[in-house]
Every structure is written in C-alpha cells, then in structure tokens.
Amino acid sequence: MRASAPRLTSAVGLLAMLEEQEAQIKAHALTKLNAVVPDFWAEIAESLPDIESLYEDEAFPQRQLAALVASKVYFYLGELKDALEYALGAGSLFNVDEGSDFVETLLSKGIDEYCSLYVKRSEQALAAERGSSSDATEVTIDPRLVELVERLVASSLQKRAYQAVMGIALESRRLDMVEQVIRMCEAAPGEHEHEGSTSAMLSHAFALCSTVSSYDFRHKIMAVLVRVYRSLATPDYIGMCRCLAHLGDGAAVSEILNKLLDGSKDNILVGYQVAYSGSSTGGGSGGIGATRWPPPCSSALARPSHPSHPSHPTHP
C-alpha cells in the first residue's frame with residue numbers, strides 16, 4: 001500500500017520556484033499553487049507581483065494559469081474587482097461550472113457588470129433612434145467579459161436551465177437571447193414548469209415584463225413575444241392578444257377577434273376568452289374595445305342547441 005504524500009504546511013517552497021529561470025518549473029509551481037490557494041492565500045499574496053508579471057509576460061506559455069492563481073488570491077483578499085479582472089485573463093481555465101464560492105461570486109459580479117454595460121449601450125441606441133444628440137462616449141464592453149458570460153449561457157442552455165438565461169437576457173436587454181431561450185423550450189424542454197414548452201416560456205416572459213422598468217424595452221419584448229406567438233404551430237390567441245393589447249395594437253386584436261367570431265363554436269368561445277382576458281388585465285386603449293363585440297347573432301354560438309323549442313323574447 002502506497003503511503004499518502006505528506007500534507008503541505010507552507011507554500012514557501014512553491015513560491016521559491018517562481019524565481020527559477022525555466023518556464024516549465026514556473027508552470028509546475030503555478031499548478032501546485034492553484035490547488036492550495038484556499039489554504040495559503042496569505043503567503044501567496046506576498047508573491048502576487050511575481051505571479052502578475054508572469055501573466056503580463058506574453059512569452060510565458062502558462063499566462064492564463066498565472067491569471068487564475070492571481071484571481072483566487074485577490075478573491076480571498078476581498079478585492080473582487082481585481083479578482084474578476086484576472087479571472088477574465090484566465091480565459092477557459094476559469095471554469096464556469098465549478099460551483100465553488102470563488103467561481104459563483106465572480107460570475108455574479110461579472111454578470112452584473114455585463115448587464116450594466118449592455119443597458120447603457122441599449123440606452124445609447126434608443127437615444128440614437130429618437131434622434132437625440134449625446135456627447136457620451138460609446139459604451140465598450142470587454143470582449144473577455146462577453147466571452148465569459150456567453151460560456152455561462154451556453155453551459156446553462158446545455159443543461160436546459162432556461163429560466164436563469166432568461167434572467168440574464170432581460171437584465172442585459174438582449175432581445176436576441178430572449179427569443180432564443182423561448183424557442184429552445186420547444187425542441188429541448190427543461191425540468192421546471194416554465195421551461196416545458198415555448199408556450200409556457202412565453203407566458204413566463206410576459207409575467208417577467210412587469211419587472212422591467214424601461215417602457216421602451218418592455219415594448220420591444222412584447223413585439224418579440226408577438227413574433228414568436230405568430231410562429232406557433234398551435235395558435236395561442238389569448239397570449240398573443242394580451243401582448244398586442246399592451247402594444248396598443250387594436251387593429252391586430254380586432255382582426256384576430258373578428259376571425260375567431262366568424263369561425264367555429266370553439267373559435268367563438270376562444271374569442272370570448274380573449275375579450276375577457278383583455279378587459280380583466282386592462283389591456284389599454286386601442287385594444288379589445290376597438291373590436292366588433294359582442295358577436296353577431298348569426299354566429300355559431302348563438303344557435304340554439306334545441307331548435308324544436310323556440311326561445312322566448314326577453315321583455316325589458
């Protein structure tokens with residue numbers, strides 16, 4: 001039986017290896033240090049300048065590993081801004097699926113920064129659409145930060161954790177991501193209630209819109225939802241008209257309702273549901289009220305189920 005290796009009691013020996021000339025020895029030391037940062041971060045912190053210089057040396061083959069070690073040390077020092085900066089430098093070595101406090105904390109900070117920058121970019125784009133002149137410098141986003149969040153999103157989508165991605169999409173005002181998540185729920189349903197189908201995620205996204213503070217972005221989300229609703233193999237007229245009412249598109253709601261009222265008995269019942277839904281949720285002006293309502297007496301719904309018994313007129 002092989003005896004277990006003696007437990008390391010200090011990182012001094014490993015740190016001394018960083019002073020060696022050979023890159024291979026330095027890389028070996030960094031590999032060992034990366035595993036013991038939680039235990040010896042205070043000691044390693046004294047050699048941060050050496051570790052940072054290895055990251056800055058473009059000729060050093062393990063620059064990303066040096067960045068990862070530096071990020072962990074800054075994390076334990078409570079310097080989260082520097083920790084995130086070096087985590088970005090670590091590239092794919094920063095494992096978004098690790099699940100440690102180190103990774104989860106920096107992911108949260110990274111997502112907050114990512115969303116904040118995308119919101120600023122969205123506001124600049126909106127100002128440009130309105131023709132407003134602005135002296136503000138165009139918002140630039142570190143491509144490494146974008147790559148980090150995209151890796152997290154890709155991992156979450158692979159796990160079918162769609163609600164988490166929808167949260168990022170809405171917070172960052174990424175309409176393309178909103179639509180992508182909604183459509184993916186149909187082909188690869190997730191485990192949670194709102195992830196079981198595109199229709200379920202559409203309803204969830206509509207409910208989440210109440211938390212969106214920007215009227216303009218909320219309006220754009222509704223337009224995306226309507227586009228997806230129109231593409232469904234089985235129409236969801238109630239959900240679609242609810243979005244159209246919030247968009248103030250009374251003509252579109254009227255067109256759908258009139259089509260339903262001229263259809264089968266089932267379609268007419270759906271029409272009633274659409275109208276009730278619109279009136280009970282306060283769809284806004286130009287919505288349900290602009291339609292041909294109530295349905296004409298000649299509709300299928302008005303036909304008596306027992307024609308042999310004539311209906312009695314109602315006296316005022």
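This is a short tour of some helix contacts, two loop residues and a group of aromatic rings in a predicted model.

**Stop 1: helices H4 and H5**

Start by selecting residues 63-77, which are helix H4, and residues 80-89, which are helix H5. Their axes come within 7 Å and cross at roughly 160 degrees. Angles over 145 degrees count as roughly antiparallel, and H4 and H5 are therefore roughly antiparallel to each other. The crossing of H4 past H5 is left-handed.

Now show the side chains where they touch. On the H4 side, pick Gln64, Ala67, Leu68, Ala70, Ser71, Tyr74 and Phe75; their partners in H5 are Leu80, Asp82, Ala83, Tyr86, Ala87 and Gly89. Colour this contact by class and you will find nine nonpolar residues, three polar and one charged.

**Stop 2: from H5 to H7**

Keep H5 on screen and add residues 143-158, helix H7. Here the axes are 9 Å apart, and the packing angle is about 80 degrees. That makes H5 roughly perpendicular to H7. To see the contact, select Leu84, Glu85, Leu88 and Gly89 in H5 together with Arg144, Leu145 and Leu148 in H7. This contact has four nonpolar residues, one polar and two charged.

**Stop 3: two arginines in loops**

Move on to arginine 160, in the loop between H7 and helix H8 (162-172). Its phi is near 60 degrees, a positive value in a residue other than glycine. Next, go to arginine 173, in the loop between H8 and helix H9 (175-187). Arginine 173 is not a glycine either, yet has a positive phi of about 60 degrees.

Is arginine 173 buried or exposed? With 18% relative accessibility, arginine 173 counts as buried, whereas arginine 160 is partly exposed at 39%.

**Stop 4: aromatic rings**

How many aromatic pairs does the structure hold? There are seven. Select phenylalanine 94 and phenylalanine 102 to see an edge-to-face pair, with 5.6 Å from centre to centre and 75 degrees between the planes. Phenylalanine 94 is buried, at 1% relative accessible area, and phenylalanine 102 is buried too, at 5%.

Then try tyrosine 114 and tyrosine 118. Their ring centres are 4.6 Å apart and their planes meet at 50 degrees, so this pair is tilted. The two tyrosines sit four residues apart in helix H6 (residues 101-129), which means about one helical turn separates them. Tyrosine 114 is buried, with a relative accessible area of 0%, and tyrosine 118 is buried at 14%.

For the last view, select Trp41, Phe75, Tyr76, Phe94 and Phe102, which form one aromatic cluster. You have already met Phe75 in the contact of H4 with H5.

Key. Residues numbered from 1 in each chain as written. Predicted model: local features only at pLDDT ≥ 70, side-chain atom pairs only at ≥ 80, totals over all residues. Heavy atoms only, no water. Axes fitted to C-alpha atoms, helices over the stretch in contact; angles between N-to-C directions. Parallel < 35°, antiparallel > 145°, perpendicular 65-115°, else oblique. Left-handed = near helix turned anticlockwise from the far one by under 90°. Contact = heavy atoms within 4.5 Å. Nonpolar A, V, L, I, M, F, W, Y, C, P; charged D, E, K, R; others polar. Buried < 20%, exposed > 50% of the residue type's maximum accessible area, 1.4 Å probe, protein only. Phe/Tyr/Trp six-rings, centres within 6.5 Å; stacked < 30°, edge-to-face > 60°.
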